[in-house]
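Trainee: I would like a close look at one helix and its surroundings in this model. Please take me through the part slowly and in order.

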Amino acid sequence: MFKIGFVGWRGMVGSVLMERMLDENDFQGFEPIFFTTSNVGGKGPDIGLDIPSLQDAYDLKLLEPLDIIVTCQGSDYTKEVYPQLRRNKWRGYWIDSASTLRLEKNSVIVLDPVNKPVIDGGLVSGIKTYVGGNCTVTLMLMGLSGLFAGHHVEWLNSMTYQSASGGGAKHMKELVSQMAAIGRVSQELISDPASTAIEVDALVTEELRNSSHPVEQFGVPLAASLIPWIDRAMESGQTREEWKGQVETNKIMGTEEKPVPVDGVCVRVGAMRCHSQAFTIKLNKDMPLDEITDIIGEGNPWVKLVPNDKESTLKQLTPAAVNGHLTVPVGRLRKMLQGPEYLTAFSCGDQLLWGAAEPIRRILRIILEHLS
Ligand code: NAP
């Protein structure tokens with residue numbers, strides 16, 4: 001029986017992975033062993049099986065007998081442990097949610113509804129490292145996979161509205177703390193029917209600029225504001241989040257030799273765990289909108305087309321509606337005034353599901369099928 005080690009299972013991505021694996025009855029046909037970086041000997045997750053106590057995630061002697069290691073622990077862990085294992089000639093499969101190994105020559109970025117042929121090619125050629133992609137890129141491709149697979153995209157621009165969860169658990173909690181602080185200072189005025197919105201705004205602005213406002217994680221207020229910068233600066237003037245758009249899209253699609261230009265502006269907004277994106281797409285040729293609609297809708301089983309009307313958009317195309325769901329709605333689809341080859345669309349997706357845990361869950365199953 002294959003031995004599979006899980007590291008980082010109690011973090012935000014890891015716990016969503018555990019939930020999804022339990023939902024899909026995935027803990028079957030292998031021996032799961034759970035690891036920790038902080039609580040050796042502690043109790044592992046409740047997966048309905050007898051499992052040993054938590055093992056030391058840094059102990060190479062415990063890791064080397066494993067056939068597969070699944071880690072959602074983060075980049076620092078990957079940087080420390082992965083090179084040592086490979087140096088020691090460990091030939092097992094490494095499945096990772098961290099970005100560290102994404103662009104390595106001997107790794108595949110996994111998103112099987114979109115790039116199964118690339119994954120299959122990797123497995124056949126003996127690649128042993130499989131990494132989840134950037135959440136924004138992954139959600140863009142889940143929405144538009146039909147257009148990419150049909151080679152209909154000449155270039156794409158994505159303006160993003162990214163949730164707090166992309167920064168991690170502490171960022172999500174800080175967003176809610178900011179909301180709570182705003183609620184506290186304005187409560188009296190908003191419950192007074194005679195107060196004006198201008199008065200409320202003055203109080204909220206004062207709170208946002210107050211040195212006691214909770215901004216330890218984001219550096220500035222996010223609630224009642226936004227942050228048009230995610231990750232670090234690149235020489236191109238892009239942020240690293242923006243830079244990943246083109247690089248990861250083309251690696252996922254296997255089009256690195258003739259890359260599709262992908263660029264845009266990535267913005268953090270006060271959503272909890274859904275990233276939204278507004279696309280401008282230059283098509284390779286003019287196509288009728290109903291044909292484009294079919295191509296997008298048939299891209300994969302999780303895309304859900306939302307009619308371009310107000311009621312459907314408000315009901316189906318917002319983070320509040322999409323949170324916790326695997327479907328990736330795509331709406332606001334229309335040709336643009338710029339010309340018949342210019343298409344605009346809007347999509348929204350749960351970044352902890354397709355943007356993080358789900359591609360990891362699915363590649364584990366794919367590898368197990370490949371090995372059996
Ligand atoms: P996280 O929530 O910070 O969890 C990472 C580890 O922190 C846990 O496995 C746990 O390790 C430790 N930890 C310490 N205190 C904890 C607490 N109170 N609750 C839970 N865990 C605690 O990290 P993450 O956001 O899941 O991200 C993991 C990796 O996935 C990162 O490389 C990230 O870049 C990548 N990723 C994240 C997202 C996202 O949306 N957040 C999306 C895609 C990829 P021990 O059990 O060993 O102590």
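Mentor: What follows starts with helix α4 and then moves outward to the elements around it. The model is a predicted one.

Helix α4 runs over residues 112-124 and has 13 residues. Its end C-alpha atoms are only 15 Å apart, whereas a straight helix would reach 18 Å at 1.5 Å a residue. Where does α4 bend? There is a kink of about 40 degrees, and its centre is Val118.

Next, the buried side of the helix. The buried residues of α4 are Asp112, Pro113, Val114, Asn115, Ile119, Gly122 and Leu123. An α-helix has 3.6 residues a turn, so residues three or four places apart point the same way. In α4, Asn115, Ile119, Gly122 and Leu123 are among the buried residues. What covers them includes the strands β5, β6 and β7 (129-132), together with the helices α5, α8 and α12.

Asp112 deserves a separate word. This residue belongs to helix α4. Is Asp112 buried or exposed? Asp112 counts as buried because its relative accessibility is 10%, and the cut-off for buried is under 20%. Once neighbours within four places in sequence are left aside, Asp112 is in contact with Ile119, Arg362 and Ile366. Ile119 is itself one of the buried residues of α4. Arg362 and Ile366 fall in the range of helix α12, residues 353-371.

After α4 comes Gly126, which has a positive phi, near 90 degrees. Most residues other than glycine have a negative phi. Two residues other than glycine also have positive values. Lys89 has a phi near 65 degrees and sits in the loop between α3 (75-87) and β5. Lys89 counts as exposed because its relative accessibility is 67%, over the 50% cut-off. Asp231 has a phi near 75 degrees and sits in the loop between α7 (197-208) and α8. With a relative accessible area of 40%, Asp231 is partly exposed.

The loop between β5 (93-96) and β6 (108-110) holds Lys105. Lys105 is exposed, at 76% relative accessibility. From Lys105 to Tyr342 the C-alpha to C-alpha distance is 34 Å, with their places 237 residues apart in sequence.

Now to α12, one of the elements that cover α4. Helix α12 has 19 residues and reaches 25 Å from its first C-alpha to its last, close to the 27 Å expected at 1.5 Å a residue. α12 has a kink as well, of about 30 degrees, centred on Pro359. Why is α12 described as largely enclosed by the rest of the structure? The reason is that 15 of its 19 residues are buried.

α5 and α8 also take part in covering α4, and both recur in the empty spaces of the model. Rolling a probe the size of a water molecule over the atoms shows where empty space is left. The structure holds one cavity of 30 Å³ or more. The largest cavity has about 130 Å³ of space. It is lined by 17 residues, and the closest to its centre are Ser158, Glu242, Gly245, Val262 and Cys266. Two or more lining residues come from each of α5 (135-149), β8 (153-161), α8 (240-253) and β9 (262-265). By type, the lining of the largest cavity has six nonpolar, eight polar and three charged residues.

The second largest pocket has about 300 Å³ of space. Its lining is made of 15 residues, with Phe148, His151, Val153, Thr255 and Val260 nearest the centre. Here α5, β8 and α8 each give two or more residues, and α8 gives the most, with three. The lining of this pocket divides into seven nonpolar, six polar and two charged residues.

One last residue lies in another helix. Ser312 is found in α10, residues 310-316, and is buried, with a relative accessible area of 12%. Neighbours within four places in sequence aside, Ser312 is in contact with Val306, Pro307 and Leu317.

Key: Residues are numbered from 1 along each chain as its sequence is written. This is a predicted model: local features need pLDDT of at least 70, side-chain atom pairs count only at pLDDT 80 or more; totals for chains, interfaces and linings use all residues. Side-chain values use heavy atoms; hydrogens and water are left out. Helices (H or I, at least four residues) and strands (E, at least two) are DSSP runs, numbered from the N terminus. Buried means under 20% relative accessible area, exposed over 50%, partly exposed in between (1.4 Å probe, protein chains only). Contact means heavy atoms within 4.5 Å. On a 1 Å grid over the protein atoms alone, a cavity is a set of points where a 1.4 Å probe fits but cannot get out, and a pocket is an open set with protein on both sides within 12 Å along at least five of seven lines; lining residues have an atom within 4 Å of a point. Grid points are joined across faces, edges and corners, and a volume is the space filled by probe spheres set on the points. Ala, Val, Leu, Ile, Met, Phe, Trp, Tyr, Cys and Pro count as nonpolar, Asp, Glu, Lys and Arg as charged, and the others, Gly among them, as polar. The expected span of a helix is 1.5 Å times one less than its number of residues. The bend at a residue is the angle between axes fitted to the seven residues ending there and the seven starting there.
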